[in-house]
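User: Hi! I would like to go through this structure with you, one question at a time. Could you reason each answer through for me?

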Amino acid sequence: MIVLFASTLLISCANSTQKAETSEAAKPTELMVNDFEAKAGDLIGKPVVMIATVNHVCQHGGKKMFLVEDGSEASIKITTGENMSAFNTDLTGSKIQVEGVIEALIIDEEYLLTWESELAAADKVGEGDGHGVGKGEAADMGEHIAANESIAKYRKQMADEGTNRLAFYSIVCQNYEVIKAKEREE
């Protein structure tokens, strides 16, 4: 009887410890724009929350926006989650709270070779104009640098940094809330 009671007690304690660990793991990590790059690599696939100002909402589809923070030159790319509608361009200038999951785009030589072969294949079937405009991180920022130039830029950046890969982090938004709407100019 005593052994049965002790076993039940141990199992109960183990279950409550597991539940506490699980709920702690599901709690989103609060991030600031300034520390995003330093912490993002350790938080890939994990829930995060960030409060910042919307600097730009992409007008071509509204599936991306960029957050900034006063006193920082950093910009964080936010993309819409699977079941979200496009971001409204009226968000530009508003302070918002974003909840989402960090994802990483890893650019290495294999990635660049695949990109080059896709461009060549598109050119052969007449889908491209030979420049591949609109691909890459530069296009995401609205710069629309030709794809081949972007590929060369990434190779140079890897060589300059002495690395064989680059990582670009962003947040896939699951939901957001406007904290303070932009002030209207009259």
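User: Which residue forms a salt bridge with Glu-116?

Analyst: Happy to help; please keep in mind that this is a predicted model. The pair links distant parts of the chain, with Glu-116 in helix H3 and its partner in helix H5, 39 residues apart. The closest N and O atoms are 2.9 Å apart, inside the 4 Å limit for a salt bridge. The partner is Arg-155.

User: Is Glu-116 buried, exposed or partly exposed, and what is its relative accessible area?

Analyst: Buried needs a value under 20% and exposed a value over 50%, with partly exposed in between. Glu-116 falls in that middle class, so it counts as partly exposed, with a relative accessible area of 29%.

User: Which other residue forms a salt bridge with Arg-155, and how far apart are the closest N and O atoms?

Analyst: The other partner of Arg-155 is Glu-109. Glu-109 sits in helix H3 (residues 109-124) and Arg-155 in helix H5 (residues 147-161), 46 residues apart. Because its relative accessibility is 35%, Glu-109 counts as partly exposed; Arg-155 is also partly exposed, at 26%. For Glu-109 and Arg-155, the closest N and O atoms are 2.8 Å apart.

User: Which residues are joined into one network by salt bridges that share partners?

Analyst: Arg-155 forms a salt bridge with Glu-109 and another with Glu-116. These salt bridges share a partner, and the network they make joins Glu-109, Glu-116 and Arg-155.

User: How many salt bridges does a search of the whole structure find?

Analyst: Besides those of Arg-155 with Glu-109 and Glu-116, there is one between the side chains of Asp-35 and Lys-39, at 3.4 Å from N to O. Lys-39 is partly exposed, with a relative accessible area of 40%. The search of the whole structure gives a total of four.

User: Now for Glu-69: how far away is the nearest side chain of opposite charge?

Analyst: Glu-69 lies in the loop between E3 and E4 and, at 15% relative accessibility, counts as buried because the cut-off is under 20%. Its nearest oppositely charged side chain belongs to Lys-95; the two residues are 26 apart in sequence and 9.4 Å apart in space, C-alpha to C-alpha. Glu-69 has no salt bridge, and the side chain of Lys-95 is away by 8.0 Å.

User: With which side chain does the side chain of Glu-69 make a polar contact?

Analyst: Leaving aside neighbours within four places in sequence, Glu-69 is in contact with Met-32, Val-33, Asn-34 and Ile-51. The backbone nitrogen of Val-33 lies 3.2 Å from a polar atom of the Glu-69 side chain, but your question is about a side-chain partner. That contact has a distance of 3.0 Å, and the partner is Asn-34.

User: Which element gives the most residues to the largest nonpolar core?

Analyst: This core has 23 residues, and those with the most contacts inside it are Phe-36, Met-50, Met-65, Ile-78, Ile-102 and Ile-171. Elements giving two or more residues include helix H2 (36-40), strand E2 (47-57) and strand E5 (95-108). Met-50 is in contact with residues including Phe-36, Leu-67, Val-98 and Ile-171. With five residues, the top contributor is E2.

User: How many bridges join E5 to E6?

Analyst: These two strands run antiparallel. Val-98 stands opposite Tyr-176 in E6, and Leu-105 has Phe-168 as its bridge partner in E6. E2 and E5 also pair in the antiparallel sense, over seven bridges. For E5 and E6, the count is 14.

User: In which sense do E4 and E6 pair?

Analyst: The bridge partner of Lys-77 in E6 is Ser-170. E4 and E6 share four bridges, and the sense is parallel.

User: One last one: is Thr-80 buried or exposed?

Analyst: Thr-80 lies in strand E4 and touches residues including Gly-62, Phe-87 and Cys-173. Its relative accessibility is 13%, and the cut-off is under 20%, so Thr-80 counts as buried.

Note on methods: Residues are numbered from 1 along each chain as its sequence is written. This is a predicted model: local features need pLDDT of at least 70, side-chain atom pairs count only at pLDDT 80 or more; totals for chains, interfaces and linings use all residues. Side-chain values use heavy atoms; hydrogens and water are left out. A nonpolar core is a set of buried Ala, Val, Leu, Ile, Met, Phe, Trp, Tyr and Cys residues joined through side-chain atoms within 4.5 Å. Buried means under 20% relative accessible area, exposed over 50%, partly exposed in between (1.4 Å probe, protein chains only). Contact means heavy atoms within 4.5 Å. A polar contact is a pair of N or O atoms within 3.5 Å; within protein, one must be able to donate a hydrogen and the other to accept it, and residues adjacent in sequence count only if both atoms are side-chain atoms. Two strands pair if DSSP finds at least two bridges between them. Lys and Arg count as positive and Asp and Glu as negative; His and the chain ends are not counted.
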